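Trainee: I have a structure to go through with you. Can we talk about how its helices pack?

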Amino acid sequence: MKIGFTARALVSACALGAAGLLALAPASASAHPGHDPDPPRGPRTTPPPALLYRSGTQVRPHADAPALPRLSARSWLVADAGSGEVLAAHEAHRPLPPASTLKTLFALTVLPTLPAGVPHTVRPEELAGIGPGSSLVGVAAGRTYRVADLWRGVFLSSGNDAVRVLAALNGGWRATAARMQEKARALGALDTRVLSPDGYDTPGQVSSAYDLALFGRAGLRNADFARYCGTAEALFPGAGGPPYGIRNTNRLLTGADGVARYPGAIGVKNGYTTEAGNTLVAAARRGGRTLVVTVLNPRAGGGHAVYEEASALLDWGFGAAGRVEPVGSLDGRRARPGPGPSAVPVVAAAPPERRVGWAEACAIAGAAGMGAGAVTLVTRGRTE
């Protein structure tokens with residue numbers, strides 16, 4: 001396996017057309033890929049010790065605070081992404097299978113190590129070991145992809161095939177899992193045990209609503225992570241053919257499949273496996289404030305319940321601003337503060353991003369000579 005710039009890095013006209021689809025707003029100048037800056041301030045008041053470790057729902061409302069929505073999830077949490085204050089939570093540290101929300105930690109760990117423009121020709125052995133029923137973006141052995149292509153496959157299609165290749169470039173499957181575990185500990189995510197970097201059901205692999213909120217918050221401060229997780233639609237290189245369209249499986253971002261797009265949604269990652277059920281880390285911005293919520297395994301309401309409950313939590317969190325005392329902090333278990341500038345979620349600081357609609361994608365693909373079939377929505381696999 002070689003990583004380097006060779007003649008294979010020459011981009012075809014189709015690929016250039018695809019790149020035009022992905023033009024999002026430039027990242028904030030204060031955001032650094034892989035950087036984990038220190039939060040700007042702590043909670044307004046000190047919550048009771050170990051409040052987030054108590055069973056049941058934890059919230060400290062003022063008299064005028066809105067009532068919490070009725071939720072069926074086994075675990076959930078809503079926090080301010082800027083301050084790190086946890087506004088409310090239910091079983092915040094309960095260990096549960098995370099499904100593909102664990103890819104947030106994978107991205108935090110691997111993104112800083114692989115330059116986005118590097119081309120790589122996939123070898124068959126790099127695709128070995130993908131679990132049955134995995135979600136796939138369509139990575140093909142023998143095909144050359146840019147690292148950025150593979151990351152779009154991870155964030156939009158939740159492609160376990162893309163994760164396998166990126167992990168191979170990062171030193172291998174086991175080495176990547178070990179580095180993810182180290183990263184989790186450095187962030188203060190002590191509930192997480194990593195055994196399969198793609199989040200595939202593996203006995204003993206768990207995370208928690210608290211830890212996943214940590215990963216989502218840290219990701220929003222990484223310019224590359226924020227850009228990928230906020231991308232709704234893109235083109236992915238075809239295996240021996242033209243690029244084809246992929247759409248983010250996070251319905252709060254896209255408004256697909258009967259789920260209403262959440263106003264101000266900026267990411268982060270959804271998941272599903274048999275053991276985990278539906279899982280979601282979601283973030284939204286409103287009035288200069290960014291919230292991050294986690295919802296794990298709703299027990300009622302069907303497949304869309306995870307989005308409905310996350311939407312309800314976001315509504316509550318924005319409405320509760322200044323009307324609840326924090327029940328904890330996402331910085332509460334950090335061994336030491338992270339270096340760097342004040343933590344402002346990169347999406348909140350960046351100019352409005354340019355979204356490319358599906359019709360425009362078709363027009364761009366046609367102009368690049370790719371044909372209408374290049375932007376057909378492709379759904380593969382059963383897990384996300």
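Mentor: Start with handedness. In this predicted model, helix 2 and helix 6 make a left-handed crossing.

Trainee: What makes a crossing left-handed?

Mentor: The near helix is turned anticlockwise from the far one by less than a right angle. Helix 2 and helix 6 cross in that sense, left-handed.

Trainee: Which residues make the contact between helix 2 and helix 6?

Mentor: Helix 2 (residues 103–110) brings Thr-104, Leu-105 and Leu-108. Helix 6 (residues 209–220) brings Leu-212, Phe-215, Ala-218 and Gly-219. Five of these contact residues are nonpolar, two are polar and none is charged.

Trainee: Why is helix 2 called oblique to helix 6?

Mentor: Look at the angle. The two helices pack at about 45 degrees, with their axes 9 Å apart. Roughly parallel needs an angle under 35 degrees, and roughly perpendicular runs from 65 to 115. The angle of about 45 degrees fits neither, so helix 2 is oblique to helix 6.

Trainee: And why is helix 2 called roughly parallel to helix 4?

Mentor: Helix 2 and helix 4 (residues 160–169) cross at roughly 30 degrees. The cut-off is under 35 degrees. Therefore helix 2 counts as roughly parallel to helix 4. Their axes come within 12 Å, and this crossing is left-handed.

Trainee: What residues make the contact of helix 2 with helix 4?

Mentor: Lys-103, Phe-106 and Val-110 come from helix 2. Asn-160, Val-163, Leu-166 and Ala-167 come from helix 4. They divide into five nonpolar, one polar and one charged.

Trainee: Which one is charged?

Mentor: Lys-103 of helix 2, because Lys counts as charged.

Conventions
Residues are numbered from 1 along each chain as its sequence is written. This is a predicted model: local features need pLDDT of at least 70, side-chain atom pairs count only at pLDDT 80 or more; totals for chains, interfaces and linings use all residues. Side-chain values use heavy atoms; hydrogens and water are left out. Axes are lines fitted to C-alpha atoms, for helices over the stretch in contact, and angles run from 0 to 180 degrees between N-to-C directions. Helices (H or I, at least four residues) and strands (E, at least two) are DSSP runs, numbered from the N terminus. Angles under 35 degrees count as roughly parallel, over 145 as roughly antiparallel, 65 to 115 as roughly perpendicular and the rest as oblique. Contact means heavy atoms within 4.5 Å.
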